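Okay, thanks for making time, everyone. I'll put the model up and then talk through a helix pair, a loop residue and a few overall numbers.

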Amino acid sequence: MVRSEAVSTPTKKMKKSKSLEVRKSKCSKSKEKSSATNSSATGISKRKKKSNKKAAVVDDGCTGGLKLLKRHTVTMASLTKAQVLKDPLEVELDQHGDPLEANGSNLQSYTGVLARTKVPINIESWPKVGTLLKNTIWDTILESFDLEPSERKMVIKSAGSKWREFKSRLTCQYVLPYIDDPESLKFPPDDYRFITPDVWKDFVKSRLTPEFLEKHEKQRERRLQNQYNHRMSRKGYRGLKGELIKMGIPEEDIDRTLLWIKGHQGKNGEFRDEALMIVNERIEELREKQRNGEFTQEGAVDVLTAALKTPEHTGRVRGVGGYVACPNQYFSLPKRRKQSVTQSTRLSVRQIMFEEQKKMEERLKEKIAAEEREKIVAEEREKIVAEEKEKLTEEIREKILKEETEKIKAAQDAYCFSLILHIILSSAVFLS
């Protein structure tokens with residue numbers, strides 16, 4: 001995997017531009033030092049000769065451009081030796097046309113090397129690359145690998161993909177971060193010395209046009225909308241499948257759904273994003289339904305497509321790698337149903353979405369019913385409280401009335417008693 005060492009901060013950019021002159025001066029000094037040591041080599045001991053040879057390493061290919069990689073670029077020298085020895089390597093393909101280990105990785109890497117070194121980067125797009133260059137890549141591949149003529153399409157397609165990735169890497173790491181530092185863009189990157197100055201000049205010029213910058217920004221925003229970022233690094237689904245087989249998982253149990261899940265998990269099996277957790281839960285539910293006979297695959301709609309709720313693209317298949325580009329072939333759909341992948345997928349996804357909507361409506365009805373029950377309970381509670389309050393008020397009223405009645409009765413008794421007493425006193429006075 002190519003390491004991204006590009007610096008985006010203004011301070012480090014200046015350091016990079018200043019380092020150009022330093023590298024140039026080092027190259028010239030090393031050459032002068034080499035000539036001096038060669039002229040004075042007579043009379044020096046063998047031990048000193050060895051030390052001088054180690055110290056006087058001349059870098060004749062220094063371009064004066066940016067050097068961001070900590071290691072050298074991949075050249076696949078072992079395959080070059082295989083060409084000389086005329087000992088082509090055999091590559092096995094699986095049922096979907098995907099190269100298998102171990103020579104599959106060598107084929108991938110060597111295809112990338114040839115795409116980068118044989119095809120100039122100032123060509124606008126891969127369809128505009130001439131047939132002669134593509135045939136050169138194929139013929140060079142055949143010198144190191146034993147492949148059938150029918151596999152040429154797979155190799156050329158892989159070369160095109162890797163060539164586009166290389167141009168994108170150059171754009172994002174070696175051009176755009178240094179727009180405000182023209183000195184850093186004068187010479188081809190020292191990491192890729194096979195790029196000629198004229199080709200590099202045309203490439204940089206094409207990358208700094210307003211049209212390309214606008215297109216680049218749109219694609220960047222579009223890329224940010226991707227919710228499901230894989231964590232497979234360079235190995236891809238093909239390498240991941242090999243790892244799962246080495247772990248003891250039978251090959252017949254490894255489907256694209258399992259590969260998709262494993263490719264988006266971390267080393268400890270965790271998911272980084274909540275969106276991935278939701279998809280994983282859907283996959284588990286659909287697998288359970290599939291085991292119970294409640295879900296069956298229809299055409300291109302399997303567990304993964306149903307869980308993602310988006311149809312398969314007509315030019316690729318998710319979860320299997322870039323070598324499988326025909327959904328009809330992967331899902332064993334007849335040729336007469338050329339639009340069956342999209343149509344059946346959309347219909348099935350629509351059906352799944354309808355079922356999901358139905359479930360949501362049922363949940364909404366239950367929620368409304370629960371709210372109605374709570375409302376009725378609250379009304380009944382308020383009614384009971386009101387009745388209790390009224391009853392308590394009535395009791396208080398009766399109590400007050402009873403107290404008032406007793407008071408009135410006591411007052412009447414007191415009045416009668418005082419009246420009788422007055423009459424008795426009046427009678428006594430009269431009799432006396």
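Quick bit of vocabulary before the helices: an axis here is a line fitted to C-alpha atoms, over the stretch in contact, and the angle between two axes runs from 0 to 180 degrees between their N-to-C directions. And keep in mind that this is a predicted model.

So, how do α9 and α10 cross? Their axes come within 10 Å and cross at roughly 100°. Angles of 65 to 115 degrees count as roughly perpendicular, so α9 is roughly perpendicular to α10. If you want to find them, α9 is residues 236-246 and α10 is residues 256-263.

Which residues meet there? From α9 you've got Tyr237, Leu240, Lys241 and Leu244. On the α10 side they meet Leu258, Leu259, Trp260, Lys262 and Gly263. Sorted by class, that contact has 6 nonpolar, 1 polar and 2 charged residues.

Now over to Lys309. You'll find Lys309 in the loop between α12 (303-308) and α13 (327-330). Phi of Lys309 is near 60°, so we have a positive value in a residue that isn't glycine. Is Lys309 buried or exposed? Neither, really: its relative accessible area is 27%, which means partly exposed.

Zooming out, the protein has 14 helices and 2 strands. Of its 432 residues, 32% count as buried. The protein exposes about 29500 Å², with carbon and sulfur atoms supplying 54% of that. And if you take contacts between residues at least 6 apart in sequence, 66% join residues at least 24 apart.

Definitions and conventions:
Residues numbered from 1 in each chain as written. Predicted model: local features only at pLDDT ≥ 70, side-chain atom pairs only at ≥ 80, totals over all residues. Heavy atoms only, no water. Helix = DSSP H or I, 4+ residues; strand = E, 2+ residues; numbered from the N terminus. Buried < 20%, exposed > 50% of the residue type's maximum accessible area, 1.4 Å probe, protein only. Parallel < 35°, antiparallel > 145°, perpendicular 65-115°, else oblique. Contact = heavy atoms within 4.5 Å. Nonpolar A, V, L, I, M, F, W, Y, C, P; charged D, E, K, R; others polar. Areas by Shrake-Rupley, 256 points an atom, 1.4 Å probe, with all protein chains shown as cover.
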